[in-house]
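Please read the points below with the structure open beside you. They go through the parts that seemed worth a second look.

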Amino acid sequence: MAKKILEVHELTTKYITRQGEDVYSVDHVSLDIEEGKSLGIAGESGCGKSTLALSLMGYYFAPLHYTSGEIIIDGKNISGMDPDVVRKTVLGTEVAYIPQAAMNAMNPTRKVGKFIEDVIFAHELKMTKEEIREMAEQRFAKLGLPVDALDKYSVELSGGMRQRVVIAISTILSPKVLIADEPSSALDVTSQKMVIKMMKDMLNTGMVKSMIFITHELPLLYNVTDDIMVMYAGQIVERGTAHEMVFDPIHPYSRGLMRSILVPEEGTRDVKLTAIPGTPPNLKHPPAGCRFADRCRYANPSCKVITPPLLDIGGGRTYRCSLPVEQLKEVYASED
Amino acid sequence: MKNTLRNVFHSPRFLVGFIIFMVMVLTVLIYPWFVRRDPLVSLGKGFLEPGTYVSVYDANNTGTYRVELPEAAEKRLEATLPTEDRQTMIDYLKAMGVDVSGLDTSNEKMEDLLAAWNANYDEADAKKNKYEGFATQAKRNALRRIDNKIKGSNNDVAMSVVRGEGDDATVTTVEGSDYVKVNEVANSVTLPLGTDNFGRDTLTELVKATGVSLIIGLIAGTIATLLGLLVGLLAGYLGGIVDDILMFIANIFTVIPGFVLLILIYYSVGQEARGVTTCAIVIGVTSWVWTARSVRSQVISLRNRDHVNLSKLSGHSLFRIVTTDILPYIASYVVMAFILQVSSGILAEAQLSLLGLGPKTTDVPTLGLMMNWAKLFGAYTSSNAWWAYFPVILVIALTSFSLNLMNTGLDQVFNPTLRD
Amino acid sequence: MKTDEIRTAEDTRESVSFGTRDKDFSKEPLCLSGRGVTRVFHTGKVTTVAVDHVDFDFHKGELISIVGESGSGKTTLSKMLLGLLDPTEGEIMFQGKPRDISTGAKKREYWKGIQAIFQDPFSSYNVFHKIDSVLLDCINMRGGKTLPKEKKIEMMTEACGFVNLKFAELTNKYPFELSGGQMQRLMIARIFLLKPNILLADEPTSMIDACSRATILDMLLKLRDETGMTVIFITHDIGLAYYISDSVYIMEHGRFVESGKPDKVMLEPEAPYTKRLISDVPKIHEPWDLSTVDLLQDAK
């Protein structure tokens, strides 16, 4: 078995609202990724996937607070570390995080090359400007980015190019884990392809050792990541390989998600589109028992009382439901 | 709405500003009930220091009470020769070479000190010999003053009051233990802030002036806000040529300074009409521009919103769209703008009055006019009458401060930022 | 606390109605059409051609999708179709006759026949008014201002029921008390009350979670089936357009590069842009080929 590059045990983080209430957006989440692999996280808005991404950095700022749990990157436990230490030794070197719409985050008054210098200096690495420039040029060439982009301002680049540049800058120190939150949602499909190709190249050539990809677009996840994990109301509800998750989901929510996929392929027009009625629960007062119970077609009364644990059924497959796998698959078969 | 109000009054900054402002407003409203004097009436000639002034004539005509204060005698002595003076005397005698070992500034040794002084001090002698530490003219003047005081003091000297003239004259003896009750004396006045150069009670004048300045600020602020709102709404929502024309006018008003306009208007309305309202109107009419610009930019971003488009598709009239779909969305900005306009209106009046362009000086006092008088009549140059300008500055500062504090508090409620 | 979404028997129904699949709409009367419609913007010295001489024919009862990426001009075109923006060139025909919306009164008349649903449900509402006012406005627009109160409530309840909302639970609530899905459904209830000839839906599901999309689409299609309403659906989601449309128009840089039935346009594209678009969309059953990507190309 390949080395686990990222291990997360029972991570819990919360938001504190202005009224002082606690909202546990990431509730005892455990996951791991092997070296060279990528994990996709899917779920509807508010399920906690973006919060999870932020929490994995180990760098918290109000109103997000770390509560409990461990984050171990390549054997190093970074949870509960002092923010300054995290900033200097973890961000950029162990973990790189690319938030949504990162391409708009570049200061338009500075040239691209300057940002790379900033990263190097912030990590107190002793390199001269010439050395930095050379490293940057090499990196850009490897990633298929034009070297003259280093001398341009961010506003002179197209959207897709900007996003790729931001990703290149964030990973200049070859972090172990790259976390990308909707990196291509704001781009047209052609630019999206370019961004995804670059990210896959980075993973395949070992520039980053593993990748976490967050998006709500399931066809994209299917084509990009090795594994897919579905989150609901702050918890993981299912995980498996991409193929397994799309074609053979176990959890009722995952099944609902996969059956709402629309692609321009033959046969799409003949299949019935499904909806999952209702809304996710309010995380200020999470319900007792299974959090999906009041939207679940297959729920029985005990589902609202007993909280199902995350069951491991082998081969890296996990799901959170009190109903056994065989029973669920039987019901699904009868519906199709 | 209720929730917003609750949040507003829970905001600490708003609350502090509001309290300070309300205290000022209440003082302005309640004070005249207690002190009914006309603030512009002259009480004296020129500056009078703060204090209580009692008419000696009336005191002598008031029934006396017998009061024996324990330290009466010492206090009389102290009043004549304070400690500093006594120390000066000792120093001088020492410089003369007199043995001062047995002397000090205490009351017990006063007699000895006086005896030593009278025996040794001579004005001509001081001038001729120029003793060490007392060589300058100023020092010798000080010594002379002390000497005069001693000569002029008449402690334990019998005093009597003569009423009438000639054969009808009656004589009453005044004893050291004769006291009058101050509020039985027919004429007395307490001037906590003394008088200004015109002899007017500064405190009463200040309260009245604050009230007038607040009114000016309110009128100017209201006019400026309403004008700015109207111009901003029309320019922002209608756009096109209306926008171009209105912004052109706004630019003209920015470029022309208020006081030039004021001079022109005052010249044309003549001396008599230079009142408070004119001043307020002119300030309002020249300071609406930044409100208009701020409203306009808000409206421009609002007019393309979906709910506005939906209103159009529902067939609503222009007036209805502007009042129900745009105006409530900018209400918080308008309230904040109004507060700032009031504050700047008060300051603008102060500036104008300081330049001599304020309302007529014979009608009402304003904060700016009081500062102007203080400047013109040398309150801080020749007379050191701090009470004539310092409290005014304090009040202006407090007004501005409290209004701005309220504004910051409101800003925090309406535009909350992510905090811990 | 947001009102919990009400689940009725209707809600658990899974299918989207397919009543008019594969119907030939070209035989239907023309609803809205355009010839050489153009819109140019001048900002300072820069001239932008947002919509470049487009021609289109929309038939009664048809569901047309206009597919374009951001910057393609579809929002500008939608504003012109709605009459919120005037074309700089070209002609738009409404029901076969040239459209005349030169005065306010004519505009209001036009808007009895065409309405819209926008992308962001949150910004479609005036946050200071209760949601009742939205529905009451519709009743007034149809001339029902003088109706008795009970009748109005009856109409509003019926409209809400169509979109699986209970009016009695929503009345007197403010927009922020509803969820995104509920707000968007209320917008559809509004359309139900107005029953226009044409509905322009500008990305109505892009801000709704995938799980709830089907509900919205379902309602739109049901409305179309029951009233014969023409639906112009604007989206950037090719899969969605393929799924629901009767005809598709592909828009690029202000031009319609291809149009026709979905099966033909999506599965056998002719125009190079369409070909590239279809191949660049990630799919499930067909491979998503990344090897053809030229990373050094700066597509500006």
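The points that follow take the sheets, some helices, one contact between chains and a few backbone angles in turn.

1. Status of the model. This is a predicted model. Every remark below should be read with that in mind.

2. The sheet of chain C. Six strands of chain C make up an open sheet, and their order is β6-β7-β8-β3-β9-β10. The pairing in this sheet is mixed. At the edges are β6 (114-117) and β10 (255-260) of chain C, each of which pairs on one side only. Direction ignored, neighbouring strands of the sheet are turned against each other by 20 degrees on average.

3. One strand pair in that sheet. β7 (residues 198-202) and β8 (residues 230-235) of chain C run parallel and are joined by five bridges. To find the register, start from Ile198(C), whose bridge partner in β8(C) is Thr230(C).

4. Helices on the sheet of chain C. Helix α1 (residues 74-82) of chain C packs on this sheet and touches β3 (63-68), β6, β7, β8 and β9 (247-252) of chain C. The direction of α1(C) makes about 155 degrees with that of β7(C). Helix α10 (residues 272-280) of chain C also packs on the sheet, where it touches β9 and β10 of chain C. Here the angle, taken between the directions of α10(C) and β9(C), is about 100 degrees.

5. The sheet of chain A. Four strands of chain A form an open sheet with antiparallel pairing, in the order β2-β1-β4-β5. Its edge strands are β2 (22-34) and β5 (76-77) of chain A, each pairing on one side only. Eight bridges link β1(A) and β2(A) in the antiparallel sense, and Thr13(A) stands opposite Val26(A) in β2(A). Helix α1 (residues 49-56) of chain A packs on the sheet, touching β1, β2 and β4 (64-73) of chain A. Its direction makes about 70 degrees with that of β2(A).

6. Two positive phi angles outside glycine. Most residues other than glycine have a negative phi. Which strand holds Glu10(A)? Glu10(A) lies in β1 (residues 4-16) of chain A and has a positive phi of about 45 degrees. Glu10(A) counts as exposed because it has 12 C-beta neighbours inside 10 Å. Lys195(C) likewise has a positive phi of about 45 degrees without being a glycine. Lys195(C) sits in the loop between α6 (180-194) and β7 of chain C. With 17 other C-beta atoms within 10 Å, Lys195(C) is partly exposed.

7. An enclosed helix in chain B. Why is helix α14 (residues 306-313) of chain B described as largely enclosed by the rest of the structure? Six of its eight residues are buried, so the description follows. Those buried residues are His307(B), Val308(B), Asn309(B), Leu310(B), Lys312(B) and Leu313(B). They pack against α13 (289-302) and α15 (318-354) of chain B, together with α1 and β6 of chain C. After α14(B) comes Gly315(B), with a positive phi near 80 degrees.

8. The kinked helix. α15(B) has 37 residues, yet its end C-alpha atoms are only 45 Å apart. A straight helix would reach 54 Å at 1.5 Å a residue. Where is the kink in α15(B)? A kink of about 55 degrees lies at Leu327(B), shortly before the proline Pro328(B). α15(B) is followed by Gly356(B), where phi is positive and near 90 degrees.

9. A hairpin in chain B. β3 (residues 159-163) of chain B is hardly covered, and the count of buried residues among its five is zero. β3(B) pairs with β4 (residues 170-174) of chain B in the antiparallel sense over five bridges. Met159(B) has Val174(B) as its bridge partner in β4(B). The hairpin has six residues between the strands, and Gly164(B) in it takes a positive phi near 80 degrees.

10. Where chain A meets chain C. The contact involves 44 residues of chain A and 45 residues of chain C. On the side of chain A, α5 (159-170), α6 (189-204), α7 (218-224) and α9 (252-258) each supply at least two residues. α6(A) gives the most, with nine residues. The residues on this side of chain A divide into 19 nonpolar, 15 polar and ten charged.

Key: Residues numbered from 1 in each chain as written. Chains lettered and ligands numbered in written order. Predicted model: local features only at pLDDT ≥ 70, side-chain atom pairs only at ≥ 80, totals over all residues. Pairing = 2+ DSSP bridges. Axes fitted to C-alpha atoms, helices over the stretch in contact; angles between N-to-C directions. Contact = placed C-beta atoms within 7 Å. Buried ≥ 20, exposed ≤ 12 C-beta atoms within 10 Å, placed from the backbone. Nonpolar A, V, L, I, M, F, W, Y, C, P; charged D, E, K, R; others polar. Expected span 1.5 Å × (residues − 1). Bend = angle between axes of the 7 residues up to and from the residue.
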